[in-house]
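Biologist: Please take a close look at one part of this model, the aromatic rings, and then show me how that part fits into the rest of the chain. I am new to this, so go step by step.

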Amino acid sequence: SNGKSNILGSIKVELDALPETTCMDNAYPNPFNPQTAITYHLAEDADVNIDVFDLLGRNVTSLVNGTQAAGSYNIQWNGLNNNGDNVPTGTYLIRMKSNSYHQIQKVTLVK
């Protein structure tokens, strides 16, 4: 080597990488009023169902129901049921199901 060095311009490449795993993040804020946000990630194209249930297991509302491409998503639940009525203060279960993935988390609506 002759002691000289060439500095080449740096190149920064940013790709929106697909999620490595399918998962649902914790809803935020929780407790919530008037709405909470749910972020979820799909490692592959999948049939996705995200539903809200009361503690007796009754379906309150469906937030997502269909096939989605791999990627990250954010949805809101505004404390309304399938009829568009406000649900009472209390704890609810948000369930995400897709292909082989299944997760449930609790959220609390305060008024």
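## The ring cluster and its surroundings

Modeller: Take the contacts in the chain between residues at least 6 apart in sequence: 52% of them join residues at least 24 apart. Keep in mind that this is a predicted model. The chain has 111 residues, and 33% of them count as buried. Its secondary structure consists of seven strands and zero helices, so the pattern read along the sequence is β-β-β-β-β-β-β. The chain exposes about 7400 Å², of which carbon and sulfur atoms supply 48%.

Now to the rings. The structure holds three aromatic pairs. One of them joins Phe32 and Trp77; this pair is tilted, with 5.5 Å from centre to centre and 55° between the planes. Phe32 sits in the loop between β1 (23-24) and β2 (36-42), while Trp77 belongs to strand β5 (residues 71-77), so this pair ties together parts that are 45 residues apart in sequence. Are these two residues buried or exposed? The limit for buried is under 20% relative accessible area. Phe32 has 1% relative accessibility, so Phe32 counts as buried. Trp77 also has 1% relative accessibility and therefore counts as buried.

Trp77 has another ring partner, Tyr92, and that pair is edge-to-face: the centres are 5.5 Å apart and the angle between the planes is 70°. Because Trp77 lies in strand β5 and Tyr92 in strand β6 (residues 90-98), the pair ties together parts that are 15 residues apart in sequence. Tyr92 has 5% relative accessibility, so Tyr92 counts as buried. Taken together, ring pairs link Phe32, Trp77 and Tyr92 into a cluster.

What else does Tyr92 touch, apart from its neighbours within four places in sequence? The contacts of Tyr92 include Val52, Phe53, Asp54 and Val60. Trp77 and Val87 are also in contact with Tyr92, and so are Gln105, Lys106, Val107 and Leu109.

The next step outward is the core. The largest nonpolar core has 21 residues, and Tyr40, Ile50, Trp77 and Tyr92 are those with the most contacts inside it. At least two residues of this core come from each of β2, β3, β4 (59-68), β5, β6 and β7 (101-109). The largest share is that of β3, which supplies four residues. Two members of the ring cluster, Trp77 and Tyr92, are thus among the residues with the most contacts inside this core.

Trp77 also leads to a sheet, by way of its strand β5. As a general point, strands of a sheet pair through backbone hydrogen bonds, either parallel or antiparallel. Here an open sheet of three strands has the order β1-β2-β5, and the pairing is antiparallel. β1 and β5 are the edge strands, because each of them pairs on one side only. Between β2 and β5, which run antiparallel, there are seven bridges. One example is Ile38, whose bridge partner in β5 is Ile75.

Strand β2 also holds His41. His41 counts as buried, because its relative accessibility is 17% and the limit is under 20%. Its side chain makes a polar contact with the side chain of Ser72, at 2.7 Å. Leaving aside neighbours within four places in sequence, His41 is in contact with residues including Pro19, Cys23, Gly71, Ser72 and Met96.

For contrast, look at Asp47, which is placed in strand β3 (residues 46-54). At 45% relative accessibility, Asp47 counts as partly exposed. The side chain of Asp47 makes a polar contact with the side chain of Thr67, at 2.4 Å. Beyond its neighbours within four places in sequence, Asp47 is in contact with Gly66, Thr67, Lys97, Ser98 and Asn99. Of these, Lys97 is 50 residues from Asp47 in sequence, yet their C-alpha atoms are 8.1 Å apart in space.

To retrace the path: the ring pairs link Phe32, Trp77 and Tyr92 into a cluster, Trp77 and Tyr92 are among the residues with the most contacts inside the largest nonpolar core, and β5, the strand of Trp77, is an edge strand of the sheet.

Conventions: Residues numbered from 1 in each chain as written. Predicted model: local features only at pLDDT ≥ 70, side-chain atom pairs only at ≥ 80, totals over all residues. Heavy atoms only, no water. Buried < 20%, exposed > 50% of the residue type's maximum accessible area, 1.4 Å probe, protein only. Contact = heavy atoms within 4.5 Å. Areas by Shrake-Rupley, 256 points an atom, 1.4 Å probe, with all protein chains shown as cover. Phe/Tyr/Trp six-rings, centres within 6.5 Å; stacked < 30°, edge-to-face > 60°. Pairing = 2+ DSSP bridges. Polar contact = N/O pair within 3.5 Å; in protein donor to acceptor, adjacent residues only side chain to side chain. Core = buried A, V, L, I, M, F, W, Y, C linked by side-chain atoms within 4.5 Å.
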